Amino acid sequence: MNQLKSVYLFIAIMLFSALSLVIASLVFNIGDPTTNSIERTHAIYLKSSYWVDEQSSANLADALNQTFQNTEISDVPWQFGTQTYWLKVSVTNRTEYAEQLTAHFDNPMLDQLEIWQLDTNNNIVKHKLLGDRLPSLILHEQAFPHFNFTLNAKESSTIVTRIKTSGISKTPLTIYQVDNFNSVKKFSYLIWGLFIGVTVMIALYNLILFVSIRETVYLAYIGYILSTLMMMGCVLGFGYYIWPTPIQNWLQVYVVSTNFSVTICALIFGSLFLRYATIKTKLNTLINGTLAILLIGGVSSFFLPEYYAAPVFFVCMVPLYITIILIVFNRLLTDFVWAKYYFFSWLPLIVSGAIQPLVLVGVLEHTFLTRHAFLIGVLLEVLLMAMALADKFSHQQRESYFKATHDSSSQLPNETLYKYKITQLIEQQQNFITCFIELKNFGQFIPYMAPKAKQDLVNQVYTSLKPLLINQSNIIVIEELGLNTVKLAYLRDGVFALLLKHGTNRESLNKLLHNLQSHIPTSLLIDGILLNLSSHIAACSSIYSNQRSGLLLRKTWQTLFKAKQEGIALLHYKKESTNDIGQQFNLASELHSAIEGKQLALKFTPIYHVNNKKLTALSCQLSWPHSEFGEISQQEILKLAIDTGLNVQLNRWLFTELFAAITALEESNIHCHFSLTLSLNQLNHSGFIGWLSEQITHFDTDNITLYTQHPVLDEQSQQQETLLELLDLGFNFGLDNFHGDLDRLFEARECGFSDVRIGHIFTKANIQGHKLTLLLSAMVDVAKGLDLSVTAIDVDNQEFADIVNQCQCDFMQGELLAPTMNFRILISFLLAQKSRIGNLSEL
């Protein structure tokens, strides 16, 4: 196994190296195409100057009469406002060739951009209008505002530009040879494509996760990605390629609103991801307050001019960054394990976000890389946030698994994990011994203890046993947690469990168990109360398990119960002790007495029509409230009755009670359909059909459906004869516990069954979400194709109810709709629901 892990690690390193090579080659080949500007590659000289028209009233002739300030374009004092900027760039070609040149104005958010090429006498050679307010521009002119012109050899020309916009007026101007400008566009397309492709795929993936898991954090993340695409599409110009032009033009007008949208979605995502949304703390109040500020700012940006809305946005960034820093660092202090990727995701965003304002104020030079720094930072942030979501999902799965398999107070493995370990050992064909240790009289004082005191008691007992457990190689490890091994499970109040290797002889085993017993403290001071402790130990070998973990656990519980009854400190399960047979005999005797004494109970669960929600039938279940074992289920009662020959008395009692209930309901003018779950083997005894035919004289058996799991087609079978006789008496039959076995479904239809019940498989296998919808829909389609109605049972939550309705089941029952109730409560319930009771034959 270790060698295999080394191979996988080597493969992972090689794959990482290959991916690193791809990224390095991409960065190297892109480089910085702005270094290929014309003044750096050819003998062409530029001289730039500017003039600010505060009144925005000058035309070209007026501007040419003004005094322009000589300066680099990057040093022009750009500001928000209504003023108009005039730029003048003198271009001198000292080469022997005419040059085809392109002036790139790197700001696709300009409202008005007007460009002239003048000769040495200020005559207009070429004129062009650009800007996001012009509807007639082609896509690449909108995304890359540019001006193509020709400069002859040994000649000079002047490019005059008028810039007016309500937003960011700063416009870097770079002049390229045509081929070099095409390279700028090509590499821009490449980076934009990477960004759009990665973000859209991540958004789609998270949408799939939302549909499956229904966690709103994924919606917030998708909202953040779409807001980022809108914002960056405006700033860099690629929005014209991903949105229809009217939408992009609208986004250009409200670009500040897209910035607010990004911050709002980012804060909502952070609140949900870091689990602040469901916790009422001061930080939660701070988050809500910051959201309110951002929402007010976002709404106001729709009504304010951009040169006013932008400063409002920058002011709102102050509470946002304070809030983000506080909630991230607070979570890092409490649970860094799953918050680390989220923390790291903000680093490239903060670094790249600082580059953009530094370029705006002139601290950093405007280049291709600084121009796209924020986009690259956002891309890295989106990737890291996607990793954070995946890590959070993985953490939640591990956390859910841990909660399902561990005791909540002691954090020790519970009965679920203990049984799973037993199943593993059985599958590996290992022999072992299960061992239960129960603290005597634990149940007497535990009701009076606070949860913390109970936790302290369990932990102190575990702490006392732990040194001995660690040093005993004969005790099997139940769970490995990193470098730690856990050898003790906590099954229920006061009951611990071990697994021992079978090679230990009886004498050594008893010595080990007595040693464990002696390490349990005889007295503990818990919550100011002195508790005296003693224990019972029960052990059972896996050779008695019959390859079934549940049977082995049941035998161990029986042994522990017997040890407590007889007051024995340590007891081993013995097959020859007839403990199972004796207990079954005692239960059979008690069942006979319960039938004679009418101590059994018939309970009823309402069944509703899926479409009109009317109550159409009552499902009847048998129960036995036992004084020692609690409520014994119908399945266990029926099995015991068949095994011990009590099925004749049980069936007569069952149908007598059913007919009495029908009579009582009809006297109250309540008419319903009834259903019973039985086994044909249970009804297969001499004289029962004759007795039943005498009892049904005054009853309409067409209103009674008998459900069974196993239809019979064998004409020689006694069960087949019983089925046909019951059908002749007018009873309906349905298939119970259908889980996809088509052979059973076809057999049921051939036997004359009319309904099929589905639901057990979903509750037992814990199938949920989209998988549940697909599976249930397939089963319903097959059943209805055979002209069988479908009843969904165990509808205990709204999600399952919605799926049942979506899959077009006919009927449904479960705790969500109505609980199981005894007959006295049923009468009151039906009288109150009388208007909702429907006739099944009319549906």
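A polar contact is a pair of N or O atoms within 3.5 Å; within protein, one of the two must be able to donate a hydrogen and the other to accept it, and residues adjacent in sequence count only if both atoms are side-chain atoms. Keep that in mind for the first stop.

Before we set off, note that this is a predicted model, in which local features need pLDDT of at least 70, side-chain atom pairs count only at pLDDT 80 or more, and totals for chains, interfaces and linings use all residues. Residues are numbered from 1 along each chain as its sequence is written, and side-chain values use heavy atoms, with hydrogens and water left out.

**Stop 1: helix α14**

Select residues 415-427, which form helix α14. The helix and strand names come from DSSP runs, numbered from the N terminus: helices are H or I with at least four residues, and strands are E with at least two. Now select Asn414, which caps the N-terminal end of α14. One of its side-chain oxygens lies 3.1 Å from the backbone nitrogen of Thr416.

Why does the distance between the end C-alpha atoms of α14 agree with its 13 residues? The expected span of a helix is 1.5 Å times one less than its number of residues. For α14 that gives 18 Å, and the end C-alpha atoms are 18 Å apart, so the two agree.

Next, colour Leu417, Tyr418, Lys421, Ile422, Leu425 and Ile426, which are buried. Buried means under 20% relative accessible area, exposed means over 50%, and partly exposed lies in between (1.4 Å probe, protein chains only). What covers the buried residues of α14? The elements include α13 (373-405), β10 (432-439) and α18 (549-566), along with β11 (479-481), β13 (489-492) and β14 (495-501). Just after the helix, click on Gln429, which takes a positive phi of about 55°.

**Stop 2: Glu438 and strand β17**

Move to Glu438, in strand β10. Is Glu438 buried or exposed? Its relative accessibility is 14%, so Glu438 counts as buried. Show its side chain together with that of Lys564: a polar contact of 3.3 Å joins them. Contact means heavy atoms within 4.5 Å. Leaving out residues up to four places away in sequence, Glu438 touches Gly494, Val495, Ser534, Ser535, His536, Leu560 and Lys564.

One of these residues leads to the next strand: Glu438 stands opposite His536 in β17. Select β17 (residues 535-541), where 7 of its 7 residues are buried. Ser535, Ile537, Ala539 and Ser541 lie on one side, with His536, Ala538 and Cys540 on the other. In a regular strand the side chains alternate between the two faces of the sheet.

Two strands pair if DSSP finds at least two bridges between them. β10 and β17 run antiparallel and are joined by 7 bridges. β17 also runs parallel to strand β18 (residues 570-572), with 3 bridges. Look there for Ala539, which stands opposite His572.

**Stop 3: strand β23 and its partners**

Select residues 704-708, strand β23, where 5 of its 5 residues are buried. Ile704, Leu706 and Thr708 point one way, while Thr705 and Tyr707 point the other way.

Add strand β22 (residues 673-677), which pairs with β23 in the parallel sense over 4 bridges. Within this pair, Thr677 stands opposite Tyr707. Then add strand β24 (residues 732-735), which also pairs with β23 in the parallel sense over 4 bridges. Here the bridge partner of Thr705 is Asn732.

**Stop 4: a sheet of 6 strands**

Now bring up the open sheet of 6 strands, in the order β2-β1-β3-β8-β5-β6, with antiparallel pairing. Its edge strands are β2 (69-70) and β6 (124-130), each pairing on one side only. Within the sheet, β1 (residues 44-53) and β3 (residues 84-93) pair over 10 bridges. To find one, pick Lys47, whose bridge partner in β3 is Ser90.

**Stop 5: helix α9 and Leu786**

Select helix α9 (residues 255-273), where 16 of its 19 residues are buried. Arg275 follows α9 and has a positive phi, near 65°.

Finish at Leu786, in the loop between α27 (769-785) and β26 (789-792). With 18% relative accessibility, Leu786 counts as buried. Leaving aside neighbours within four places in sequence, Leu786 is in contact with Leu745, Phe746 and Arg749. Leu786 and Leu745 are 41 residues apart in sequence and 8.5 Å apart in space, C-alpha to C-alpha.
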